[in-house]
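Here is a short briefing on one protein chain. Keep the 3D view open as you read, and find each residue when it is named.

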Amino acid sequence: MPHARKLAAAALLIATIAVPAAAHHGWGSYDADKVLTLTGTVQQFAFKNPHAMLNLQADGKVWHVVLAPPGRMSARGLPDGTIQPGQTVTVVGYPSKSEPGELRAERIKAGDQTVELR
């Protein structure tokens, strides 16, 4: 019976670790071999977990840009309220492999400030 309890405890530990890891979408769905630089006008901005996001009018279309988590953005100098609709920003990042018009940003330039998001 002690062996069965050890197996059950190990299974519970593995499940506890695996569920949060599976819940995060990961970055494998973005093309890290193709770097895009987009400059445009912020249409919408959301400073919410798990990642801040913005919609950017650039290159004749609206791009959905996935940014860093709000805590990281604040720690690196871009707290909530720093980016506003109507503002011009430049983002550098990787396009989605499956969602046309979606970009995972590695860096953002807002005003005179450039912030690494990774």
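Start with a charge and a ring: Lys61 lies over the face of Trp63, 4.1 Å from the ring centre. Keep in mind that this is a predicted model. The protein chain has two helices and six strands. Of its 118 residues, 33% count as buried.

**Overall layout**

- Read from the N terminus, the elements run α-β-β-β-α-β-β-β.
- How many of the contacts between residues at least 6 apart in sequence join residues at least 24 apart? The share in the protein chain is 51%.

**The β2 and β3 hairpin**

- Strand β2 covers residues 53-58, and strand β3 covers residues 61-66.
- The two strands run antiparallel and are joined by six bridges.
- Ala58 stands opposite Lys61 of β3. This is the Lys61 that sits over the face of Trp63.
- Two residues lie between the strands of this hairpin. Asp59 takes a positive phi there, near 55 degrees.
- Is Asp59 buried or exposed? Asp59 counts as exposed, because its relative accessibility is 64% and the exposed class begins over 50%.
- Asp59 belongs to the loop between β2 and β3. Asp59 and Leu38 are 21 residues apart in sequence, yet their C-alpha atoms are 7.4 Å apart in space.

**Asn55, a polar residue in a strand**

- Asn55 is found in strand β2.
- Asn55 has a relative accessible area of 18%, so it is buried. The cut-off for buried is under 20%.
- Which side chain joins that of Asn55 in a polar contact of 2.8 Å? The partner is Gln44.
- Beyond its neighbours within four places in sequence, Asn55 is in contact with Thr41, Val42, Gln43 and Gln44. Val62, Trp63 and His64 are also in contact with Asn55.

**Strand β5 and its partners**

- β3 and β5 run parallel, and three bridges join them.
- Val65 has Leu103 in β5 as its bridge partner.
- On to β6, which covers residues 113-116: four bridges join β5 to β6, and these strands run antiparallel.
- Lys109 stands opposite Thr114 in β6.
- β5 and β6 form a hairpin with two residues between them. In the turn, Gly111 has a positive phi of about 65 degrees.

**The nonpolar core**

- In soluble globular proteins, nonpolar side chains tend to be buried together.
- The largest nonpolar core here holds 24 residues. Which of them touch the most other members? They are Leu67, Met73 and Ile108.
- Five elements give two or more residues each to this core: β1 (36-46), β2, β3, β4 and β5.
- Met73 touches Phe45, Phe47, Ala52, Leu67 and Ala68, not counting residues up to four places away in sequence. Leu78, Pro79, Ile83 and Leu117 complete that set.

**Phe47 and the aromatic pair**

- The structure holds one aromatic pair. The rings of Phe45 and Phe47 form it, with centres 6.1 Å apart.
- Why is the pair called tilted? Its ring planes are at 40 degrees, so the pair falls between stacked, under 30 degrees, and edge-to-face, over 60.
- Phe47 is in the loop between β1 and β2.
- Phe47 and Met73 are 26 residues apart in sequence, and 9.1 Å apart in space from C-alpha to C-alpha. They also touch.
- Setting aside residues up to four places away in sequence, Phe47 has other contacts too, including Ala52, Pro70, Ser74, Leu78, Pro79 and Asp80.

**Ser96, a buried loop residue**

- Ser96 lies in the loop between β4 (88-95) and β5 (102-110).
- Is Ser96 buried or exposed? Ser96 counts as buried, because its relative accessibility is 13%, under the 20% limit.
- The side chain of Ser96 reaches the backbone nitrogen of Ser98 at 3.1 Å.
- Ser96 touches Ser29, Tyr30 and Glu102, leaving out residues up to four places away in sequence.

Key: Residues numbered from 1 in each chain as written. Predicted model: local features only at pLDDT ≥ 70, side-chain atom pairs only at ≥ 80, totals over all residues. Heavy atoms only, no water. Buried < 20%, exposed > 50% of the residue type's maximum accessible area, 1.4 Å probe, protein only. Polar contact = N/O pair within 3.5 Å; in protein donor to acceptor, adjacent residues only side chain to side chain. Contact = heavy atoms within 4.5 Å. Phe/Tyr/Trp six-rings, centres within 6.5 Å; stacked < 30°, edge-to-face > 60°. Lys NZ or Arg CZ within 6 Å of the ring centre and 35° of its normal. Pairing = 2+ DSSP bridges. Core = buried A, V, L, I, M, F, W, Y, C linked by side-chain atoms within 4.5 Å.
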